[in-house]
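Q: Got a minute to walk through a structure with me? I'd like to begin with the overall makeup and then get to the contacts.

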Amino acid sequence: MPFPTPVPTIAARDPAPAPQRGFDRRSFLKAAGFTFAGTVLAGCEKGAVEKAIPFLVKPEEVTPGTATWYASTCGGCSAGCGILIKNRDGRPIKIEGNPAHPLSKGGLCATGQAMVLSLYDSRRLREPRISGQTAAWDAVDRTIAAKLAETRDGAKGVRILTGSGAGATTLAAIRSFSAAFPDTRHVVYEPLSIAALADAHEQCYGRRIVPHYRFDRASVIVSFDADFLGTWISPVEFTSDYRAGRSPEGPSRAMSHHVQIESRMSLTGSNADARIVVRPDSMVGLLGGLAYYVAKETGAGPAVFASPAAPSPRTASGSPDAEDAMNLLPLLARRLAAAGRKGLVVCGVNGIACQALAASINDMLGNAGVTVELERPTSSRTDNDRETQDLLAELDAGTIGMLVVHGVNPVYDHPRGGVFSAAMKKAGLTVVFAQHEDETAEHADIILPKGHPLEEWDDAEPVAGVVSVRQPAIAPFGNSRSLAECLLAWTGERTGAREAIRRAWKSAVFPRQNAEADFETFWNASVHEGYAVVDPVPSGHHSFDASVVPQLPAGDRKNPGAGADSSSGEGFMIEMYPTVALLDGRHAHNPWLQELPDPVTKVVWDNYASVSPRTGKRLAVEEGDVIRIETGVHILELPAVIQPGQHDDVISVALGYGRKGTDRFTSVGPEWFEAVPTVEPGETVGRNMAPMREIRGNYVSSYRGGVSVTRTGRVRTIASTQIHHSLHVPEHLAPKNAERRPIVQETSLAAYTESPGAGRFETHKVVSMWPDEHRFTKHRWFMSIDLTACTGCSACVVGCQAENNIPVVGKDEVYRNRELTWLRIDRYYTEEEDGVSVAHQPMLCQHCEHAPCETVCPVLATVHSEEGLNQQVYNRCVGTRYCSNNCPYKVRRFNWFDYSRGDDMGRLVLNPDVVVRERGIMEKCSFCVQRIQEGKIRAKQEGRTVKDGEISPACEQSCPAQAIVFGDLNDPASRISASRKHPRFYRVLEEIGVEPSVGYLTLVRNLPEGDGRNG
Amino acid sequence: MGLNNRILSIFLGSGLLLCLTIFLTSYANNVRLPGNHEGYEPVQPISYSHRLHAGELQIPCLHCHSDAGRSRNAGIPTVETCMNCHRFVTAPIVDVKAEDQRAEKSGEKPRRIISAELKKLYDAAGMNPELRPDPGKTPQPVAWVKVHRLPDFAYFNHGAHVSAGVECQACHGAIETMERVRQVSDLSMGWCVNCHRGSNAQGVNGRAVAAPTDCTGCHF
């Protein structure tokens, strides 16, 4: 019997049902009606009442609804670019380059533009903490004063560890602090160190200086692994100068020839006219070889270069190797020698032999004062690896009474970070100034909140003679004090940061100029302009000391890759590099930068191992396959990205990832049932590569040899904003040897000189189906982008994001191709016989005159304006996405969700002049119509017409290379009218007849006759 | 069955009536009705009279709304702006005169008369009846109720209109006759565009203007 127990029925349990009571249908409806009516009334009552609360007392300079601009100095890295901070109703909402600044000249990099978002980071430290407990500054000062007295009495030392770029005021404060506490030393630690460059100049020229390089004056640039357009020393200034020296027009056609020698595809390499791909450990041999040939060509070198280089290159997998590179050196030397004073060799390798060789080549070229300014050095860079090592030893020995760390994070980014954190414990007291409770701060006894660069008084001298003020654009969110203020307070002197700067300037800066006789006038002008040009302090270097050269290891000069370092050995090398966005990791808490596509790989939200296509094939690794990298000391698993232009023996991985606290981005994207978190809870965004770096001869080296690489068989999602990398039609869509698509049109300087139409594809005869549809009687907005100037640095991408309230969508959404950036930079590879060439092409709404999107919108949410704009009207849009389907350029972006714009504090960065789009709305580039309207209204109010250049979209404004020109085509004298008639002008997909309002100028590469492109 | 229902109906009905009564008597003027809110006339925290200031006393609009000519926002005067005059004017002239007469009659020194509405202003400024800063009071800006409100997707710039010569009354109505400000125009898109088209055809006060009729004139 399957059911031994009878199953009870409902009737059995409830034998006497009660008579039905309560509501019948009619009563229910009545009650419902009443309730509904009541709800509606309640809803009417006070729902939409809004308050308008004016100031109590209006500050004189603030007009609600209009922007106030403050000149200041960027604090994103130590380059110290000039910025203008746009303040609306008391809060900074955008940072732009200061066009008057003598170095950065109006440009600003992606990192600098994103600094405004990190101001509103709600996780920044607000209050001082002693042993984890929130404390008042008084208590902090008392504790530190007691410890300092104890330190002095116990004859122990005080060490102040800061990053590069300290200004006159901080240095003066350190000096007066040192006077009070004699055994005090200031140690400058920079994770992206160029210490060897400074040390090499100390050996060769007698002064520890980093020269100021002038790319604008160079006609031949040879860069040994210096990513000067991306992350090296001062990328904005260098990009601007580089572009200035590379114009294929003009009577002289002064376009420099740029050769990049590197092992990975860097941003700078992607712009080079020629790339030579070598292993990082071959650099010193190649530099020695080049020095030998340059000495031969110029006849100027010291005798030591007289013996011919004997290359014995190491090859691991039959890739283009050092031997091939060696064979190119005589040609390179000939070019450099021909350029003479206009030749320039830069070296990004942090090794003394390399740097000394580069300096000696520059000296042989006689370019001092022309392309290499030694009299006017880059005074912001005083990185010192040796002293950082000494500090570590001192800490370990327990001779340090107090350690002050300001704005650097050695536990995270020093190769011996683990040792550092242990050694910190041996100091009597560690005081760390930090914006977040970071890896170093968590080991500190006292954590002090470090102010954001937008809320602090500070100063800088990026290049000798250019002094620059940093002024606060908002009152500090936290209870922060500047380093100078603290150091002075600890010596018993209460001075505000502003007063400290004024005092330092009065004594150290004001006497260096004679334009102003009165200090107040000079100070006010400097704060107003953001900078002042004064006499550089003489660097006091002597002429090149050739006796240094014979001391360089002989093998360095003669044998590429031999005996130079411990990196030799078979197998792979791993190279660690900073990215344009995160640099050494200091910007890891900034979601704009985390989601900024890498300029070369276009990957977001992760670091990964770049492997060459050939190596990928050899190891059977495809994009996203997780590979295990073993160095003998470390084991690391990372997803692979196949990178054309990469050396076959070299795996490169970005620094700056794996920062503590980046699991905050777990829920950065929209929450829905299929959502995949950007980072797993408790994990970090990417992996920290800093411990993999080696200390080699006192310098932090960016590469390591003897690495083995194996497949793990696992796969990790890589989110990239570009999936098609070639201009050729994919094989499955087109016949073999299909033509290269004319999206990027390029030519060589020689061909262009011969015929202005070189590189241009034949234009189609387009018959319009819309004759005379639009008559642009007032303005006709138009944009052109010079592909020769564009370096792909991505400053415009972040500039656009800041200006137009574009949200961050998270890794998963990017993977689903749902990123919202209005402006993207397409990067195309062209495989060539001897390597790969790269083109960067900013792609944004082309504002087509015959826009395909407009004809398919069923609700007229996208229509044409009488000034040539393709308008997107958010309040009309119903989200059919037909427009996006019909867009040939794929520049329309759809809001699949109500994307988070951060917390209450994060939302303060929103631009009040631009609508925050909601779910179900299509959006796209508007040519920054809010700026157009603002410019037009200003002109009307002043009773004049709009001036050319007055209206500038965020992308044009931010471009360090000034590649973008925007203006009114109806103004025949405008820059854009000239650009429209330029022989290099073309439009993308012109043949489909949509008449875009964005054009491009062809990409011209300076490829001298008979030159191949290696790599 | 019938009784229960009837009781419920009476209960609900009277509740609704009560709601309506409370609502109509006390909040009627604060209601923002669905639609374009034409006729919205909320009670303000201080019953400031535009009729008196702009009408009778003929103070120009831009005297207090000084940003209207140069900014997107017309700007609501700060307490400090009010105090420029009301440091001296503390009550209606009739009350002051009455006090003067009384004082004259009784031979006393006239007392300072502070009207009930202006007391609110002095409270906001953190001042005592002697118009001196009162340490016991925290100065607080006045939370005015916004009358004219455009949705966030519409950009409006006062400066552009004022500098083009558009009268304030063209949109705000005869504000100088209003005891309490009322929304006169419906501020709908059609109303805006009609005016822009008309102005482009006929000009504003005899001056040719270029009023945008593109979507992105206002929506971006």
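A: Sure, one definition to begin with: helices (H or I, at least four residues) and strands (E, at least two) are DSSP runs, numbered from the N terminus. This is a predicted model, where local features need pLDDT of at least 70, side-chain atom pairs count only at pLDDT 80 or more, and totals for chains, interfaces and linings use all residues. Residues are numbered from 1 along each chain as its sequence is written, while chains are lettered from A and ligands numbered from 1 in the order in which they are written.

Q: OK, what does the secondary structure of chain B come to?
A: Nine helices and one strand. From the N terminus on, the order in chain B is α-α-α-α-α-α-β-α-α-α.

Q: Is chain B a compact globule or more spread out?
A: More spread out, because its radius of gyration is 24 Å, well over the 17 Å that the globule rule gives for 220 residues. That radius is taken over C-alpha atoms, and the rule is 2.2 Å times the number of residues to the power 0.38. The C-alpha trace of chain B spans about 75 × 70 × 35 Å along its principal axes.

Q: Switching to the interface: how many residues of chain A are in contact with chain B?
A: 45 residues of chain A, with 46 residues of chain B on the other side. Contact here means C-beta atoms, placed from the backbone, within 7 Å.

Q: Which element gives the largest share on the chain A side?
A: α2(A), with ten residues. The elements giving two or more residues there are α2 (25-46), β1 (51-52) and α26 (929-941) of chain A.

Q: Any strand pairing across the chains, and which way does it run?
A: β1(A) and strand β1 (residues 144-145) of chain B run antiparallel, joined by two bridges. Pairing takes at least two bridges found by DSSP. A:Ala52 stands opposite B:Trp144.

Q: And inside chain A, what's the order of the open sheet of three strands?
A: β18-β19-β20, with antiparallel pairing. β18 (458-463) and β20 (531-533) of chain A are at the edges with a single partner strand each, so one side of each has no neighbour in the sheet.

Q: How many bridges between β18(A) and β19(A)?
A: Four, with β19(A) covering residues 466-470. A:Ala460 has A:Ser468 as its bridge partner.

Methods: Two residues are in contact if their C-beta atoms, placed from the backbone, lie within 7 Å.
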